[in-house]
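This report looks at one strand residue and one helix, taking each in turn and setting out its surroundings.

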2 protein chains.
Amino acid sequence: MAPKSKATITDVARAAGVSTATAGRVLGGYGYTSDDKKEQVLKAAQKLGYRPNALARSLITGKTRTIGVVAGDIQNPFYASVLRGISNVAEANGFGLLITNSDESQSKEVHSVELLAQKQVDGLIVTPSDTRKARHLHNLRGMGVPLVLIDRAVAGLMVDRVATDNIAAAEQAVRYLIAAGHRRIGIVAELVDQENDGLDGFLARAVAGDPIESETLYPSWQRLLGYVRAHRIEGLPVDPRLTIRAGGYSASAAQAALPRLMKVPGPPTALFTTDGTMSEGAMRGLSELKLSIPQDLSIICFDDLDWMSFHRPGITTIAQPRLAMGEAAARMLLERIHGEDYPPRTVLMPAELIERGSVAPL
Amino acid sequence: MAPKSKATITDVARAAGVSTATAGRVLGGYGYTSDDKKEQVLKAAQKLGYRPNALARSLITGKTRTIGVVAGDIQNPFYASVLRGISNVAEANGFGLLITNSDESQSKEVHSVELLAQKQVDGLIVTPSDTRKARHLHNLRGMGVPLVLIDRAVAGLMVDRVATDNIAAAEQAVRYLIAAGHRRIGIVAELVDQENDGLDGFLARAVAGDPIESETLYPSWQRLLGYVRAHRIEGLPVDPRLTIRAGGYSASAAQAALPRLMKVPGPPTALFTTDGTMSEGAMRGLSELKLSIPQDLSIICFDDLDWMSFHRPGITTIAQPRLAMGEAAARMLLERIHGEDYPPRTVLMPAELIERGSVAPL
DNA sequence: AATCAATTAGAGAACGTTCTCACATATGAG
DNA sequence: CTCATATGTGAGAACGTTCTCTAATTGATT
């Protein structure tokens with residue numbers, strides 16, 4: 001009963017009195033086999049506790065039925081949901097999932113990609129940590145490894161991609177605040193360094209309505225752009241003192257930003273936070289400052305986190321379809337793995353505004 | 001510059017004018033090689049964009065430097081943190097991570113384990129979905145595959161294990177409530193079916209102080225046991241009507257349980273929830289019933305979720321060291337993989353009570 | 001009766017590494 | 001000088017599968 005140690009296909013073949021080729025055919029389910037031989041082999045395999053060695057199989061077929069994922073941080077609810085989505089379709093198609101964290105560091109990402117490539121994954125899903133240069137990703141493409149990007153694009157890298165329509169979503173959120181009567185609206189965004197002319201320059205160009213290459217912007221910059229556009233559309237000025245750059249992907253960075261924001265002369269009456277982490281930090285900061293929502297400050301967040309529904313008041317937010325994003329990315333990748341050859345596709349998923357109680361009319 | 005397609009070690013050897021054996025030695029970093037040959041090989045490898053094929057290497061060495069993980073649900077913050085912990089030490093040791101979800105279903109778990117075993121992982125970390133029977137896990141042990149259990153034990157399966165000291169932690173939480181003057185304390189726990197005599201029988205035995213085989217209890221039953229022990233120690237009766245079985249691992253199950261609990265004649269003045277999911281559901285339920293914390297009901301939770309710190313009031317809770325649990329499990333597994341041969345170890349990690357504002361004195 | 005296609009089965013190569021062995025060449029001790 | 005030991009190299013086996021070939025058998029169709 002207890003399969004002592006690992007039996008190979010040769011062991012099974014010997015036990016069944018057939019050639020390894022025949023045993024391989026019935027066990028691997030390819031080619032022709034007669035019913036009686038099939039039965040013998042199956043019986044022998046059962047008895048020996050045979051388990052196919054996927055390594056050997058993959059070595060010769062060139063397929064591992066494994067996809068590699070480079071996420072920012074599994075622990076972050078955004079990535080956790082996206083991963084779950086990926087996992088759902090991977091599992092449904094018999095694919096395994098090799099997962100790594102980049103912590104938004106390019107060097108860790110390069111390292112991860114190298115690891116996954118060596119393990120011969122059939123394809124990769126990556127949230128690139130640098131949207132400007134990514135030689136390792138270009139290399140992958142050059143070697144024909146299927147690749148799908150999530151959440152961000154890379155300049156000049158023509159591959160499938162799925163992301164939220166950040167600009168539209170942010171614009172919608174801010175216009176919602178404006179419609180409620182708010183005129184001084186703060187924004188807390190991570191806005192990590194971008195190769196361009198800094199926050200001030202960016203704001204100036206955005207406010208002036210200059211064309212901006214928005215595709216390869218980091219999501220937080222895209223959402224800032226949506227913020228500015230909403231102001232433009234509604235004919236409101238943008239006060240740069242209300243645009244706070246947290247400068248890091250951490251809740252504590254956002255938390256630290258909040259006192260700065262509220263100290264501005266003519267402080268904001270409403271706040272827009274550009275992602276889950278910023279939202280959490282902002283909530284921490286508000287709690288620390290003993291400010292009440294929405295009496296002291298209205299707030300609209302980005303990304304619908306679990307607690308937002310039962311928080312008092314409920315938090316009005318822009319919900320990204322995180323699970324669906326993961327699923328879409330995985331599906332696109334599988335299509336590529338199966339050899340489909342369309343031109344690169346970009347799937348921009350719509351976000352949904354969920355009204356709860358954190359925005360009060362002014 | 002651009003590595004066209006995949007170069008093998010044979011290609012590199014040919015380009016460098018040496019044997020594949022020599023090329024293998026310098027590229028694989030084993031055996032002796034002279035400095036000049038080393039340089040030639042390295043240069044050739046560089047030029048061809050050589051990337052070692054981990055499959056071929058693993059096939060012959062018998063090691064994949066990959067560990068498999070079967071988690072309940074990556075999306076759940078508990079598993080997400082544990083996974084991050086595992087990922088941290090795996091990555092630090094050059095190991096990859098193959099991750100699957102079981103959704104607490106035994107059949108999915110069996111399927112996952114089979115997949116991972118076929119992919120020849122060097123070891124497995126599992127949160128077993130059934131603590132009674134687990135033939136697939138016993139089989140693994142029989143075949144000598146290193147295995148570490150997280151969060152739960154399996155009857156008769158002597159392997160390394162890391163978990164929270166649930167009984168002690170729950171006891172501490174409930175005694176904290178009792179010390180605050182509460183006498184009628186509700187508990188919302190998932191309490192999925194156990195092969196024993198049901199909730200009533202279990203309670204009767206626990207209240208009577210009968211010995212209970214607690215090692216292989218599901219965590220929620222262990223925490224219920226801690227709840228009962230706290231009552232016993234403090235000389236308080238246990239009212240079975242206040243022990244609510246959600247019957248499922250979902251927030252909505254807990255949410256649905258709340259009205260039932262509050263409808264009991266002589267309703268509770270305080271509530272203990274036995275994990276993050278139950279806590280979230282309970283918060284939803286409270287929000288729905290328009291009950292205020294801690295005026296209408298004091299609450300102490302299990303597992304410290306992000307929102308608990310900035311919720312108003314702050315939520316008093318038992319914090320499990322989730323990250324450290326994952327790290328500990330991964331470290332133990334790596335030791336086994338490296339051949340260490342102690343008797344099976346059980347690491348019970350202490351939980352910490354974090355006082356915030358959700359418990360009011362009665 | 002001859003031909004063809006479909007089915008069945010085995011021998012042995014192939015996948016890309018590492019491992020074992022045999023054989024050189026140095027180096028140093030006695 | 002001789003022996004042992006360390007260093008360096010290549011030929012070819014091995015890992016456990018799938019793939020390619022060849023060949024034999026069957027059954028139906030001309």
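## A threonine in strand β1

In this predicted model, A:Thr66 is found in strand β1 of chain A. With a relative accessible area of 6%, A:Thr66 is buried, because that value lies under the 20% cut-off.

Leaving aside residues up to four places away in sequence, A:Thr66 touches A:Phe95, A:Gly96, A:Leu97, A:Leu98, A:Val121, A:Asp122 and A:Gly123 of chain A, and B:Leu98 and B:Lys119 of chain B. With B:Lys119 there is also a polar contact, in which the two side chains are joined at 3.0 Å.

## Helix α6: span and faces

Helix α6 of chain A covers residues 106-118, and because each residue should add 1.5 Å, its 13 residues are expected to span 18 Å, which agrees with the 18 Å between its end C-alpha atoms. The buried residues of α6(A) are A:Glu109, A:Ser112, A:Val113, A:Leu116 and A:Ala117. Viewed down the helix axis, these buried residues fall within an arc of 130°, and therefore line one face of α6(A). An α-helix has 3.6 residues a turn, so residues three or four places apart point the same way.

On the other side of α6(A), A:Ser107 and A:His111 are exposed.

## Packing and the end of the helix

The buried residues of α6(A) pack against three strands and a helix of chain A, namely β1 (66-71), β2 (96-101), β3 (123-126) and α7 (135-142). The strand β1 in this list is the one in which A:Thr66 is found. Just after α6(A), A:Gln120 adopts a positive phi of about 65°.

How values were computed:
Residues are numbered from 1 along each chain as its sequence is written. Chains are lettered from A and ligands numbered from 1 in the order in which they are written. This is a predicted model: local features need pLDDT of at least 70, side-chain atom pairs count only at pLDDT 80 or more; totals for chains, interfaces and linings use all residues. Side-chain values use heavy atoms; hydrogens and water are left out. Helices (H or I, at least four residues) and strands (E, at least two) are DSSP runs, numbered from the N terminus. The expected span of a helix is 1.5 Å times one less than its number of residues. Buried means under 20% relative accessible area, exposed over 50%, partly exposed in between (1.4 Å probe, protein chains only). The arc is that of the directions from the helix axis to the C-beta atoms. Contact means heavy atoms within 4.5 Å. A polar contact is a pair of N or O atoms within 3.5 Å; within protein, one must be able to donate a hydrogen and the other to accept it, and residues adjacent in sequence count only if both atoms are side-chain atoms.
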